[in-house]
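This report describes the overall fold, the interior and a few individual residues of one protein chain. The sequence and structure are shown first.

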Amino acid sequence: MALSALDLFSVGIGPSSSHTVGPMRAAKLFAEGLKADGHLHDTVRVQSELFGSLGATGRGHGSDKAVVLGLQGLDPETVNTATADDQVAAAALDAELRIGGNHRVDFNWEEDVLLHRRKSLPAHPNGMTFRALDHTGSVLSERSFYSIGGGFVVDGDANPGDQVVADETPLPYPFTTADELLGICKREGMSISDVMLANELVWRSEVELRESLLKLWAVMRECVDNGCAAEGILPGGLKVKRRAPSLFRTLTADTGVTDPLRAMEWVNLFALAVNEENAAGGRIVTAPTNGAAGIVPAVLHYYIKFVPGADDDGVVRFLLTAAAVGILFKINASISGAEVGCQGEVGSACSMAAAGLCEVLGGTPEQVENAAEVGIEHNLGLTCDPVGGLVQIPCIERNAIASVKAINAARLALHGDGSHKVSLDKAIKTMRETGADMKTKYKETSRGGLAVNVIEC
């Protein structure tokens, strides 16, 4: 399996890559399949069923709305985030969907989008089934999909434990473990970002890659700017107040402050701004997921604001290095909170950001691997327990804390020579095993942890 940095980082809509972005993509794939198979003309109704974690927390994550948008031909990268809710409300009020954007079918919100809180499909906790019916009620087409984290979607024919995105493109420097990656770096005299760059060139030119990565960085910056400006209460019923605007005003006003930890306050701000935007359904970059989308941007902002000589070349190297680590998590464990808990989301993102920062601060490949290991080691066992099924508590603060942790991990690794007892590969293996042992109620179901010990009011 070959994965690109642009697979790990993609533009989407909040609040969740696995629960919002993935279902929207799956629904769009189903609608496109109806047209390709010649069934669209005879379709008079489409039913959607969400299972497992999607069924348990789909309302809070906007999964139900996402499938409506996807069925109507909308894409997470380009959907108008300001009008998305209005488009769904209009479909429910008018009792109709426009499949693929044009073909009209009857629509009953209560009957045609079903969330099963206690039923799951076999291959992954995030399963969904779409069904097209003709005027007699006969099934024209039925397909299942799995949203496996980070916005990745695979067909329902996947076997349990085999949720991968098929791309067999030959790479000049293939790696599936950190040890293999370090071996390539040592043998070829390359940095981790050099290895990733060489591999990326099988898909696109260096100019195209750089342009794409810097566009992602621009979306991250815009997300921070929007989060710093948007006042008010986050949607969903928890009445969580946006904190980024107030913190931004405080930090920009206190220009003469000499607090040595002021940089940490800015990092907190950057992460809060992103994740408040995500919680509000704004435009976001999966990094590698939406629930953990604030960490890589926050640490990148730290690099630009506080590291002398920081530039766009460094941003590209940072993202390539972070993606290399993200690929290791994706293929050897999981980046899905519904599968392994929040250690797979915030833990992976913390590890990725630590690696990226360590590289642009001059770290050797061994030091970068060390930073990545520190980043995940101290997130092992982290549960996914969103209060009310919303990506707000504890998700928003968790991103801020993990961003600071990533910076600390990178700086700590730079004070060593890269040698350490626990390898990144062993830490990733441990994360996978911990996720397997973790009770289901701690894996994005809102049936355990803070989700049941915090009153939703």
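UniProt positions are given here in the numbering used for this chain, and such annotations may be inferred rather than shown by experiment. The model itself is predicted.

**Annotated regions**

The UniProt record, an unreviewed entry, places "domain: Serine dehydratase beta chain" at residues 4–156. The same kind of annotation, also from an unreviewed entry, assigns "domain: Serine dehydratase-like alpha subunit" to residues 188–451. The secondary structure of the two spans is set out below.

| Residues | Helix | Strand | Distance between end C-alpha atoms |
|---|---|---|---|
| 4–156 | 38% | 26% | 23 Å |
| 188–451 | 62% | 2% | 49 Å |

**Overall fold**

The chain contains 19 helices and 9 strands. Its radius of gyration is 21 Å, close to the 23 Å that the globule rule gives for 457 residues, so the chain is as compact as a globular protein of that length. The C-alpha trace spans about 70 × 50 × 45 Å along its principal axes. Of the 457 residues, 57% are buried. Among contacts with a separation of 6 or more, 75% are made by residues 24 or more positions apart.

**The nonpolar interior**

The largest nonpolar core has 108 residues, and those with the most contacts inside it are F9, V296, L300, F318, L319 and L357. Helix 13, which runs through residues 312–332, gives the most to this core, with 12 residues. Both domain 1 (15–155) and domain 2 (178–442) give residues to the core, so it lies between them. Residue L300 illustrates the packing: when residues up to four places away in sequence are not counted, L300 touches W217, M220, V315, F318 and L319. Apart from this core lies another, of 33 residues, among them A27, F30, V88 and A132.

**Cysteines**

How many disulfides does the chain have? A disulfide is a covalent bond between the sulfur atoms of two cysteines. For a pair to be counted, the two sulfur atoms must lie within 2.5 Å. By this rule the count comes to 0 disulfides. Two cysteines show the reasoning. The closest cysteine sulfur to that of C185 belongs to C358 and is 12 Å away, too far for a bond. For C223, the closest cysteine sulfur is in C228, at 9.6 Å, which is again too far for a bond. Residue C185 counts as buried because its relative accessibility is 4%, under the cut-off of 20%. Residue C223 also counts as buried, with a relative accessibility of 4%.

**Helix 18 and the preceding loop**

Residue S423 lies in the loop between helix 17 (395–414) and helix 18. Is S423 buried or exposed? Its relative accessibility is 16%, so S423 counts as buried. Leaving aside neighbours within four places in sequence, S423 is in contact with E369 and E373.

Helix 18 itself covers residues 424–437 and includes E433. At 35% relative accessibility, E433 counts as partly exposed, because that class lies between the cut-offs of 20% and 50%. The C-alpha atom of E433 is separated by 8.6 Å from that of V340, although the two residues are 93 residues apart along the chain.

Notes. Residues are numbered from 1 along each chain as its sequence is written. This is a predicted model: local features need pLDDT of at least 70, side-chain atom pairs count only at pLDDT 80 or more; totals for chains, interfaces and linings use all residues. Side-chain values use heavy atoms; hydrogens and water are left out. Helices (H or I, at least four residues) and strands (E, at least two) are DSSP runs, numbered from the N terminus. Buried means under 20% relative accessible area, exposed over 50%, partly exposed in between (1.4 Å probe, protein chains only). A nonpolar core is a set of buried Ala, Val, Leu, Ile, Met, Phe, Trp, Tyr and Cys residues joined through side-chain atoms within 4.5 Å. Domain bounds come from an automatic or database domain assignment. Contact means heavy atoms within 4.5 Å. The radius of gyration is taken over C-alpha atoms; the globule rule is 2.2 Å times the number of residues to the power 0.38.
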